[in-house]
Amino acid sequence: MPVLTEPPSMGDVLKYEVNPNYTREVITLLQGMPYPVGSVLGRITTNGKYKLATSGGSDGAQTASAVLLYAVDATLADAIGIVLVRGPAIVSRAELAYDGSVDDATKITAKLDQLTALGIIPRDGV
């Protein structure tokens, strides 16, 4: 019998939120890549678009400010996404996706602390 696998979904990332009308926003994702569900995003201050939160830089996206709830393909053009921007909310730490520059425990902890400041609490084993 074949084994069926399913890609990650919002339910794998989002474990609790107080009220979707309060915690979620519709945003524009910067063109250039497919964004997986659970992407930790930063907001570019000059144009208000979001991209993967980087570990450095000065465009504003170095600060984690959202978690993408549904996968979005923005390879060819800017795209709309639904994100978690404020809590109270709990997300699965294991399901979060980071920019390639967020490549060690210290940098990941910094991103998790930035999300926690927004009321988005990353938890293990949820």
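Here is a chat between a first-year student and the author about a predicted protein model.

Reader: Before we start, how do you know which residues and atoms count?

Author: Residues are numbered from 1 along each chain as its sequence is written, and side-chain values use heavy atoms, with hydrogens and water left out. The model is predicted, so local features need pLDDT of at least 70 and side-chain atom pairs count only at pLDDT 80 or more, while totals for chains, interfaces and linings use all residues.

Reader: What makes up the protein, in terms of helices and strands?

Author: The protein has three helices and 10 strands. Both are DSSP runs numbered from the N terminus: helices are H or I with at least four residues, strands are E with at least two. Along the sequence the pattern reads α-β-α-β-β-β-β-β-β-β-β-α-β.

Reader: Why is the protein called as compact as a globular protein of that length?

Author: Set its radius of gyration against the globule rule. The radius is taken over C-alpha atoms, and the rule is 2.2 Å times the number of residues to the power 0.38. The protein comes out at 14 Å, close to the 14 Å that the rule gives for 126 residues, so the label fits. As for the box filled by the C-alpha atoms, it is roughly 50 × 35 × 35 Å along the principal axes.

Reader: Why is the contact between Arg-86 and Glu-25 called a salt bridge?

Author: A salt bridge needs a side-chain nitrogen of Lys or Arg within 4 Å of a carboxyl oxygen of Asp or Glu. For Arg-86 and Glu-25 the N to O distance is 3.0 Å, so the pair passes that cut-off. This pair links distant parts of the chain, 61 residues apart: Arg-86 is in the loop between strands S8 and S9, and Glu-25 is in strand S2.

Reader: Are Arg-86 and Glu-25 buried, exposed or partly exposed, and how do you know?

Author: Buried means under 20% relative accessible area, exposed means over 50%, and partly exposed is in between (1.4 Å probe, protein chains only). Arg-86 has 26%, so it counts as partly exposed, and Glu-25, at 34%, is partly exposed too.

Reader: How many salt bridges does a search of the whole structure find?

Author: Five. Among them is the one where Asp-78 meets Lys-49, at 2.3 Å from N to O. It also links distant parts of the chain, with Asp-78 in the loop between S7 and S8, and Lys-49 in the loop between S4 and S5, 29 residues apart. Asp-78 has a relative accessible area of 33%, so it is partly exposed, and Lys-49 is partly exposed at 23%. Another of the five pairs Lys-107 with Asp-103, at 3.1 Å. Here Lys-107 is partly exposed at 29%, whereas Asp-103 reaches 51% and so counts as exposed.

Reader: What makes Arg-86 lie "over the face" of Tyr-22?

Author: A charge sits over a ring if NZ of Lys or CZ of Arg is within 6 Å of the ring centre and within 35 degrees of the ring normal. Arg-86 lies at 5.2 Å from the ring centre of Tyr-22, so the distance part of the test is met.

Reader: How do you know that Val-37 and Leu-96 are buried?

Author: Val-37 has a relative accessibility of 9%, so it counts as buried. Leu-96, at 8%, is buried as well. Val-37 is in the loop between S3 and S4, and its C-alpha atom is 6.5 Å from that of Ser-9, 28 residues away along the chain. Leu-96 lies in the loop between S9 and H3, with 6.5 Å between its C-alpha atom and that of Val-40, 56 residues apart along the chain. Overall, buried residues make up 36% of the 126 residues.

Reader: And why is Leu-118 not called buried?

Author: Leu-118 has a relative accessible area of 31%, so it is partly exposed. Leu-118 is in the loop between helix H3 and strand S10.

Reader: Last one: where is the cis peptide bond?

Author: It runs from Gly-87 to Pro-88, with omega near 10°. Pro-88 is in the loop between S8 and S9. For background, most peptide bonds are trans.
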